[in-house]
Amino acid sequence: MAMKDRMKIRERNKPEIFDLIRDVFCESKLTHAQQMKTVKQSVLDGTSKWSAKITITVMCAQGLQAKDKTGSSDPECHNSSDRIKVRVWDEDDDIKSRVKQRLKRESDDFLGQTIIEVRTLSGEMDVWYNLEKRTDKSAVSGAIRLQINVEIKGEEKVAPYHIQYTCLHENLFHHLTDVQGSGVVKIPDAKGDDAWKVYFDETAQEIVDEFAMRYGIESIYQAMTHFACLSSKYMCPGVPAVMSTLLANINAYYAHTTASTNVSASDRFAASNFGKERFVKLLDQLHNSLRIDLSMYRNNFPASSRERLQDLKSTVDLLTSITFFRMKVQELQSPPRASQVVKDCVKACLNSTYEYIFNNCHELYSREYQTDPELAVGKISAEVMWSLFAQDMKYAMEEHEKHRLCKSADYMNLHFKVKWLYNEYVRDLPAFKGKVPEYPAWFEQFVMQWLDENEDVSLEFLHGALERDKKDGFQQTSEHALFSCSVVDVFTQLNQSFEIIKKLECPDPVIVAHYNRRFAKTIGKVLMQYADILSKSFQSYCSKEKLPCILMNNIQQLRVQLEKMFEAMGGKELDAEASDHLKELQVKLNNVLDELSAVFGNSFQTRIDECVKQMSDILCQVKGTGNVAANARNTVAQDADNVLRPLMDFLDGNLTLFATVCEKTVLKRVLKELWRVVMNTMEKLIVLPPLTDHTQYFHAGGNGLKKTFLEKSPDLQSLRYALSLYTQTTDTLIKTFVQTQTAQVVAANDLKWQTSGMFRPFVEITMIGPHQSDKKRKFTTKSKSNNWAPKYNETFHFILGNEDGPDAYELQVCVKDYCFAREDRVLGIAVMQLRDIVDKGSCACWCPLGRRIHMDETGLTVLRILSQRTNDEVAREFVKLKSESRSTEEGT
């Protein structure tokens, strides 16, 4: 009867509790009375008739103490049947434990326990229980997760108590807020350290606390449940402050671990019966919602409302608490900071406000101020706003120009936005129409800075493109493209850079000219560095078959792409300075291509030398005819095809390859260089009779060099001149030599002679000219022993014929040191041409002595021809005279 009386007293003293429960769940008075009667009877019958089947499954544990010496544990669980007591042990199986088992009842190490009141169990439960101490000396930490299935007789379909509590709390919150409060959250007036645990007014709070105590609902679970309820009303006045305080205490519960436990905050949170994933998802959704609302803070937190301004501060505090939760409880590495989130939200709000004003400028002013349809207030406002904005922007950009507070890319983006703003709202206004705006000048220095930085980026990209191309072996980009991919990559980057400048659509032609000049320098630096890199390594590729041609094609493609870029930048309309720079660049690239072609042509020198030597072997039987009569001489060239075969075999294969892999412009350069090498080699190594068949290989049926170029080529003219000399007599050749060699002696002063023996200088004087074979041509003075300034005073007479004039003769003076047992040594040589003396009648002069006779190409050719006439005494003597020189060992 005592229990029945207590229930009556409770019902009489606290009727508001039962009325509130009835109202929350919308029960009628009749139904409520019947339910109360049933409950009372159930309570009275509880101790005698109550029965239940309980199944407990131990799922896992975490954060346990390590009791083994090895720092680990082997946990097992025991329970008792009074109240459900779950204990966790460290099972040991070593010798010490076996001995301990003989002496004590418990040989295993105690890790913790939890005592579960059977009255708190209901339905199917998946619950974490914190482990508690058995005595004050126990070292305990961690939690254990149990799955409990309770089948209570008569209550087989009842939900677990945690779910029941959630249902009760949420329904109370809904009733008090939405039904009674018309959507306004009533904040309880509570004070003290545990004020955060007070969620409702007195009656509702007593209901949830009674349920929690009766059925073992943790206080942290209550707090998290109430936080979830408040998150649906986070914009209501006063709610952000409550949520911030609530989340701060939730953070403290999980993050502030004691020194005696080794359980991390994230593990403690994972053991929450509220559900880890559920709470994290709740915070993420709340965080996103707060960001959206803060991005419109002018609307959501108006400055006119002191209450809403306080909520704004509390909202920022709530964001800080969420960041703390992510860092300390979830232990995330770098969650978004509240300060940065708020800063981004403020910027977003300002941007949207500014955008709204400008997008609706005309409408706003028309609606508010415009009464006369002829008065365009919208245009006036746009004009005034732009003028004010322009003044502020100008001063701001001048300040930024001094300190460069942002990156160049940020200034470029701002430039684009200002351009859009001007074009959209200002350009067509009467005050600005047809005028060059001033805004490009604000950004000129920043665009120039971007161009400077872009040059570094372009050069870095160039090196990367070349390295990739080199690694791939400079392969052709396609079957029809004869160049490799690095050229395409370099110009793709340059074109992208120019496209950015072009999209600025700068309306000031002077500033456009400045940009084009600067960018033209970048183009020049990039392309010349590309050409320099190829030039430095080009020699090493010349032994490859196709690679040198591809590299030269690359340079030619640079010239082609440069021309296209020139047109894209304005062509003939381009600023003169920028245009001149690009034209000079074309000339430089053209010179580079010429140099590479010369290097490539010279790389064939050794092989061409071999071919020409083989030709020389074929021609070994062809010799000069000396001074015999002209009608007795026979034609030297008898079989030109046979003579040219070694060279033509070499040229045939190579020129066919070049025609396939070279761009047309490159091919012509290569053919010119090969023509030069072949002609010079043939002239220097052998002297051939007149031949013409070799030109066909370089003409290549019209695809190669033009016949006019071949016929007028100075190399071919030189060779033909050498061929014409070949058929001339010795006298004619000597006459030609005398008449063409105008500066034959290299002057030298203060000639000295060093010798350890007898020094006996003498002078040898030789008359050189035609028709001297039957006359005395050479006289010598007597030697003077050990005399460094000898005086001879000897006179010699030469007899000249009347066939040629004085301009065909010269005197060669050679000072020698007489030696008895060896060849006389040359001290110095001088030459006097008779044509310089004949008009004077007589001449007495000092002749400077030189080391040797200097000759041009004609002189060398004559000397080579005469050196082949071994049976001609005059030719042999002439070659010896002109070949003598002072030994390099004697000094100057």
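In this predicted model, the buried residues of helix H22 are Ile608, Cys611, Val612 and Met615. Looking down the axis of H22, these buried residues sit within an arc of 95°, so they line one face of the helix. The pattern fits the usual geometry: an α-helix has 3.6 residues a turn, so residues three or four places apart point the same way. Flip to the face of H22 turned away from the buried side and the exposed residues Thr606, Lys613 and Asp617 turn up. As for its dimensions, H22 covers residues 605-618, which is 14 residues. From first C-alpha to last, H22 reaches 20 Å, close to the 20 Å expected at 1.5 Å a residue.

Zooming out for a moment, H22 belongs to a protein with 30 helices and ten strands. The protein has 892 residues, and 42% of them count as buried. Taking contacts between residues at least 6 apart in sequence, 71% join residues at least 24 apart.

Next come the helix pairs. Two packed helices are described by the angle between their axes and the distance between the axes. For helix H17 (residues 439-471) and helix H18 (residues 485-503), the angle is about 165° and the axes are 9 Å apart. An angle over 145 degrees counts as roughly antiparallel, and H17 and H18 are therefore roughly antiparallel to each other. Their crossing is right-handed. On the H17 side, the residues that meet H18 include Val447, Trp450, Leu451, Val457, Phe461 and Leu462, along with Asn454, Ser458, Arg468 and Asp469. Among their partners in H18 are Cys485, Asp489, Val490, Gln493, Leu494, Ile500 and Ile501.

Helix H29 (residues 857-867) and helix H30 (residues 873-883) make another pair, with axes that come within 9 Å and cross at roughly 135°. That angle makes H29 oblique to H30. H29 passes H30 in a left-handed crossing. Leu863, Leu866 and Ser867 of H29 make the contact with Ala875, Phe878, Val879, Lys882 and Ser883 of H30.

Back at H18, the loop that leads on to helix H19 (509-541) holds Cys506. With the cut-off for buried set at under 20% relative accessible area, Cys506 counts as buried at 15% relative accessibility. Leaving aside residues up to four places away in sequence, Cys506 touches Pro440, Ile511 and Val512. Cys506 also lies 9.7 Å from Ala441, C-alpha to C-alpha, though the two are 65 residues apart in sequence.

Glu505 is in the loop between H18 and H19 too, but here the verdict on accessibility is exposed, at 52%. The backbone of Glu505 deserves a look as well: phi is near 50°, a positive value in a residue other than glycine. Asn793 also has a positive phi without being glycine, with a value near 55°. Asn793 is found in the loop between strand S8 (778-780) and strand S9 (810-817). With a relative accessible area of 77%, Asn793 is exposed.

Notes. Residues are numbered from 1 along each chain as its sequence is written. This is a predicted model: local features need pLDDT of at least 70, side-chain atom pairs count only at pLDDT 80 or more; totals for chains, interfaces and linings use all residues. Side-chain values use heavy atoms; hydrogens and water are left out. Helices (H or I, at least four residues) and strands (E, at least two) are DSSP runs, numbered from the N terminus. The expected span of a helix is 1.5 Å times one less than its number of residues. Buried means under 20% relative accessible area, exposed over 50%, partly exposed in between (1.4 Å probe, protein chains only). The arc is that of the directions from the helix axis to the C-beta atoms. Axes are lines fitted to C-alpha atoms, for helices over the stretch in contact, and angles run from 0 to 180 degrees between N-to-C directions. Angles under 35 degrees count as roughly parallel, over 145 as roughly antiparallel, 65 to 115 as roughly perpendicular and the rest as oblique. A crossing is left-handed if the near helix is turned anticlockwise from the far one by less than a right angle, and right-handed if clockwise. Contact means heavy atoms within 4.5 Å.
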